[in-house]
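I set down here what I looked up in this structure, entry by entry. The sequence and the model come first, and my notes follow.

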Amino acid sequence: MGELLAEEFLSSWELDNRFTIMAIPMHPIDQVIRGFNQTEIFVKKLAQKSGLGISRALKKPIKTKHQAGLKRTERLKELGATLSGMRNSP
């Protein structure tokens, strides 16, 4: 599925090497429970197909409620306070 999404994305957008892509991070506990982060899978496929670099500059150090079922404004409020950026991350 990641490969199909990457192909569809690339057919819709003109990207060049000035762009870097990034997965939306999960809290480490949630990722261990789930076993994977679906945005990481998509980003890896997109990077393979496009030659774009991947940034891991975002982290999610604070565990929040699951986003499913929340309204957009609630999701933005929850996530805005939990994502942190890291300087000079590859």
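Is Arg18 buried or exposed? I looked up its relative accessible area and found 67%. The cut-off for exposed is over 50%, so Arg18 is exposed. I note at the outset that the model is a predicted one.

Entry on Arg18 and its surroundings. I placed Arg18 in the loop between helix H1 (2-12) and strand E1 (20-22). I then looked for a residue remote from it in sequence and took Leu52. Arg18 and Leu52 are 34 residues apart along the chain, yet their C-alpha atoms are 8.2 Å apart in space.

Entry on Gly51. I found Gly51 in the loop that runs between helix H3 (38-50) and strand E2 (53-55). Its relative accessible area is 62%, so Gly51 is exposed. From its C-alpha atom to that of Asp16 I read 8.5 Å, with the two positions 35 residues apart along the chain.

Entry on Ser50. Ser50 belongs to helix H3. I asked how Ser50 is classed by accessibility. The relative accessibility is 27%, and Ser50 therefore counts as partly exposed, because that class lies between the 20% limit for buried and the 50% limit for exposed. The C-alpha atoms of Ser50 and Leu10 are 7.5 Å apart, while the sequence separation is 40 residues.

Entry on Leu4. Leu4 lies in helix H1. I looked up its accessibility and found a relative accessible area of 60%, so this leucine is exposed. I also took the C-alpha separation of Leu4 and Leu46, which is 9.6 Å across 42 residues of sequence.

Entry on the overall fold. I counted 4 helices and 4 strands in the protein. In sequence order they follow the pattern α-β-α-α-β-β-α-β. I next asked what share of the contacts between residues at least 6 apart in sequence joins residues at least 24 apart. The share is 64%.

Entry on the surface. The protein has 90 residues, and 22% of them count as buried. The exposed area is about 6900 Å², of which carbon and sulfur atoms supply 58%.

Entry on aromatic rings. I searched the whole structure for aromatic pairs and found 0. I did record a charge placed over a ring: Arg34 lies over the face of Phe36, at 5.8 Å from the ring centre.

Entry on the largest pocket. I asked how much space lies in the largest pocket. The figure is about 410 Å³. Its lining is made up of 19 residues, and those nearest the centre of the pocket are Met26, Arg34, Lys60, His66 and Gln67. Arg34 thus appears in two of my entries, over the ring of Phe36 and among the residues nearest the pocket centre.

I then asked which helix gives the most to this lining. It is H2, with 3 residues. Helix H2 (28-34), H3 and helix H4 (72-80) each supply at least two residues of the lining. H3 is also the helix that holds Ser50, and the loop with Gly51 follows between H3 and strand E2.

Notes
Residues numbered from 1 in each chain as written. Predicted model: local features only at pLDDT ≥ 70, side-chain atom pairs only at ≥ 80, totals over all residues. Heavy atoms only, no water. Buried < 20%, exposed > 50% of the residue type's maximum accessible area, 1.4 Å probe, protein only. Contact = heavy atoms within 4.5 Å. Areas by Shrake-Rupley, 256 points an atom, 1.4 Å probe, with all protein chains shown as cover. Phe/Tyr/Trp six-rings, centres within 6.5 Å; stacked < 30°, edge-to-face > 60°. Lys NZ or Arg CZ within 6 Å of the ring centre and 35° of its normal. 1 Å grid on protein atoms, 1.4 Å probe; cavity = no way out; pocket = protein on both sides within 12 Å on 5 of 7 lines; lining within 4 Å. Points joined across faces, edges and corners; volume = space filled by probe spheres on them.
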